[in-house]
Amino acid sequence: MKPTGIQKTITLGDGRTITLETGILAKQADGSVTVRCGGTILLGTVVATKEAREGIDFLPLQVEYREKFSASGRFPGGFFKRENRPHDGEILVSRLVDRALRPLFNDDFHGDTQVQVSMISTDKKNPADSLACLAAAAAIAVSDIPFNGPVSEVRVIRNKGTWTINPTFEQMEDAELDLIVAGTAKDILMVEGEMNEVTEADMIEAIKLAHESIQDQCRVIAELAALVPKSLTKRTYNHEENDAELEKAIYDATFQKYYDVAIHASAKEVRSEAFNRIKEEFTATLTEEQQAKKAMLGRYFKKAQKAAVRRVVLEKGIRLDGRRTDEIRPIWSEVDVLPGTHGSAIFTRGETQAINLLTLGSKMDEQTVDTPLAKRNDRFMLHYNFPPFSTGEVRPIRGPGRREIGHGNLALRALKPVLPKKEDCPYAIRLNCDILESNGSSSMATVCSGTLALMDGGVKISAPVSGIAMGMISDPDGKYAILSDILGDEDHLGDMDFKVTGTAKGITATQMDLKVDGLSYEVLAKALEQARVGRLHILGEMMKTLDQAREDYKPNAPRIVSLQIPKESIGPVIGPGGRVIQEIQAETNTTIVLEEVEGVGHVQITSEDKAGIEAALARVKAIAFPPTAEIGVTYKGKVKTIMPYGAFVEIFPGTDGLLHVSELDWRRVERVEDVLKEGEVIEFQVVGKDPRTGKLKLSRKVLLPKPEGYVEREPAMEGERRHNGERPHRERRERGPRREH
């Protein structure tokens, strides 16, 4: 008999409901919940080990979001017909959920923890990604795993001035603002999304609206957990050993030394050596027993160093590299650095450097996306790479990790709103960014270098985009400092990592992670304003290198010509088995893509050879819009087929005529092959039209000089020839092949 589950319901602003249920599925997990909105259903589960692995001094949290193809009634593509490695969309959702959950686990909880969220059904109306964190957080809430939740996550959009929480796919189309916001009933934890050049005030309004819905969802999660006996008593654990006396000794001995290093500006390598020397000198004074507590020592030294650096910033307003809190590091940039690319740029800010390469291609180069919820082609791609040498490290080079996919997606969202429309720029566009040096905000360097590479390649973006990473340091007394253009060290020891990209007009993308409770909207507004000033300064430095897109594409960039043809002309352009279009491509050195869209043929011709494009265009037009051959006019055409009675010659692409054997020459021709070869281009004149077949009659001999003394034979009367048992010469020749059969 089916067990009775425990349910709770959340009502959205438009009347749709979200139902949470536990106690039915996956009951051997530490916690499991199904979340349903319409026909979209997610299963969230969590399992955590009771004990931590030896030597682990962090939270080994895995968050995995997966979409089942069967959820939408589809087979996966590929040979194996099963879900394989996660696609980029699943990885990005996993990151969103991870960033909301991770800050709420206790610092001393180190048990291996795995959160899995699976989309097991979809109505293709209600998106699953905005429900994934709700499912994960509810699963943790009904478990006995210690967690400082509840937490939840919602999507907020603005479309034509209307705000909507957790919109449908239809409502999301053409939205001018699209944010995913995560938080607890008290605080905002994470924000990520894209916008069409909106103001800072618009963004704050969106976060406020999202938080109201988050608070409602957190209340319902807490009510659901209260009905599950297992969740009422959280497990006890002891995942790390501590020595309060040793911690105090390290703090007392090193805090001032760390403070003295932090207050004097120095390069990354210099201060790293100084910090390490402080640690090594004090470690040498410890007993062997104390030195054996490596994990414990690591935590205590980091804690003392973090406290000292933060104190310097709050008390002196001085940062590790000597800058003021709102000061941007020195910037230089360069474009047109690699002649073989279609556009290139280097952007350097302090100790962070990115090189971005632009490639332009045809429709055949677009990225095919095939997921349970989407089947489309994307014309814009941005790939971010973070090689180990960028931080002076040695590590294996494998495929792109989640961080690289996430950073690349943020930069893509930042630049996507300013790209020209497809009708103005028919290219597939790829930006490939390699980080050459990294010490703070390489994703924002990707945005800046991407803008310059696009403009260097002649892509007419609507406005240049720059980006900045912001940080914050605060204390329990309410004192805080907002930091512009943060270093890598400031990212780790700060309370906020806040990235903002935009044009001079407004914001295009954002990503924010908070590590502190109680960030007020007043502080957020101040951070956004300081970010606006900072990114405008960066934009000004970029414009000194290149302030607008070049007038034309690079000489080595492919050229694309597009045209529309009637639907009924698609077949003739392609030809039997693709023969015609393949022949045009081979002879003109072009790539031709032809597809039907809404009853119209769309043709795209691509090549680096302008003459080849013009030739291919002329041939496609001649087939799709065939001209009329005029009697008495001379043409040049290719011999298509040779028959015993003559040859069929192409007058225009798609239009042939018959060149009878008697019209080849003034002299008698026994075999057509003695005069013509298939594929040969010859000159001829249209001399008439067969009244029975409508086939055009051609003549080659009328263009040749008539031999001296040539006497035209009098044509026999048709009745007389038939009386003598003869058929007309032309008719006999044309029917010759039938007699051979």
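Visitor: Let's start with strand E1 (residues 6–11) and strand E2 (residues 17–22): how do you know that they pair?

Guide: Count the bridges. This is a predicted model, and in it E1 and E2 are joined by six bridges in the antiparallel sense. Pairing takes at least two bridges, so E1 and E2 qualify. One spot to look at is Gln-7, whose bridge partner in E2 is Glu-21.

Visitor: What sits between E1 and E2 in their hairpin?

Guide: Five residues lie between the strands, and Gly-15 in this hairpin takes a positive phi near 95 degrees.

Visitor: What makes E1 an edge strand of its sheet?

Guide: Follow the order of that open sheet of six strands: E1-E2-E3-E4-E6-E5, with mixed pairing. E1 and strand E5 (61–67) each have a single partner strand, so one side of each has no neighbour in the sheet. On average, neighbouring strands here are turned by 15 degrees against each other, ignoring direction. Helix H4 (residues 200–226) packs on this sheet and touches E1, E2 and strand E3 (31–37), with its direction at about 170 degrees to that of E1.

Visitor: Which strands are at the edges of the open sheet of five strands?

Guide: That sheet runs in the order E11-E12-E13-E17-E16, again with mixed pairing. Strand E11 (331–335) and strand E16 (380–385) are its edge strands, each pairing on one side only. From one strand to the next, the twist averages 15 degrees.

Visitor: How do you know that strand E13 (residues 352–361) and strand E17 (residues 428–437) are paired?

Guide: Bridges again! Nine of them join E13 to E17, which run antiparallel. The cut-off is at least two, so these strands count as a pair. As one example, Leu-358 stands opposite Leu-431 in E17.

Visitor: Which helices lie against this sheet?

Guide: Take helix H9 (residues 402–415), which lies across E16 and E17 and runs at about 140 degrees to E16. Then there's helix H10 (residues 442–456), which touches E11, strand E12 (344–349), E13, E16 and E17, and whose direction makes about 40 degrees with that of E13.

Visitor: Why is helix H1 called roughly perpendicular to H9?

Guide: Helix H1 (residues 88–101) packs against H9 at an angle of about 95 degrees, with the axes 10 Å apart. Angles from 65 to 115 degrees count as roughly perpendicular, so that name fits H1 and H9. Among the residues that meet are Ile-91 and Arg-95 in H1 and Ile-405 and His-407 in H9. The residues of this contact divide into three nonpolar, four polar and four charged.

Visitor: Arg-413 is in H9 too. What makes Arg-413 count as buried?

Guide: Its relative accessibility is 15%. Buried means under 20%, so Arg-413 makes the cut. Leaving out residues up to four places away in sequence, Arg-413 touches Glu-192, Gly-193, Glu-194, Thr-508 and Ala-509.

Visitor: Why is helix H2 (residues 132–141) said to be largely enclosed?

Guide: Ten of its ten residues are buried, so the rest of the structure largely encloses H2. Cys-133, Leu-134 and Ile-140 are among them.

Visitor: What makes the bond from Gly-149 to Pro-150 cis?

Guide: Its omega is near 0 degrees. You'll find Pro-150 in the loop between H2 and strand E7 (152–159). It's worth a look because most peptide bonds are trans.

Visitor: What makes Glu-197 and Asp-485 stand out?

Guide: Their phi angles. Most residues other than glycine have a negative phi. Glu-197 has a positive phi of about 55 degrees although it is not a glycine, and Asp-485 also has a positive phi of about 55 degrees without being a glycine. Glu-197 belongs to strand E10 (residues 188–198), while Asp-485 lies in the loop between strand E19 (480–484) and helix H11 (488–493). With 18% relative accessibility for Glu-197 and 1% for Asp-485, each is under the 20% cut-off, so each counts as buried.

Visitor: What is the average pLDDT of the chain?

Guide: The average is 91, and 96% of the residues score at least 70. Over residues 718–741, though, the pLDDT is below 50, and this stretch has 27 contacts in the model beyond near neighbours in sequence.

Terms used. Residues are numbered from 1 along each chain as its sequence is written. This is a predicted model: local features need pLDDT of at least 70, side-chain atom pairs count only at pLDDT 80 or more; totals for chains, interfaces and linings use all residues. Side-chain values use heavy atoms; hydrogens and water are left out. Helices (H or I, at least four residues) and strands (E, at least two) are DSSP runs, numbered from the N terminus. Axes are lines fitted to C-alpha atoms, for helices over the stretch in contact, and angles run from 0 to 180 degrees between N-to-C directions. Contact means heavy atoms within 4.5 Å. Buried means under 20% relative accessible area, exposed over 50%, partly exposed in between (1.4 Å probe, protein chains only). pLDDT is the predictor's confidence in each residue, from 0 to 100. Angles under 35 degrees count as roughly parallel, over 145 as roughly antiparallel, 65 to 115 as roughly perpendicular and the rest as oblique. Ala, Val, Leu, Ile, Met, Phe, Trp, Tyr, Cys and Pro count as nonpolar, Asp, Glu, Lys and Arg as charged, and the others, Gly among them, as polar.
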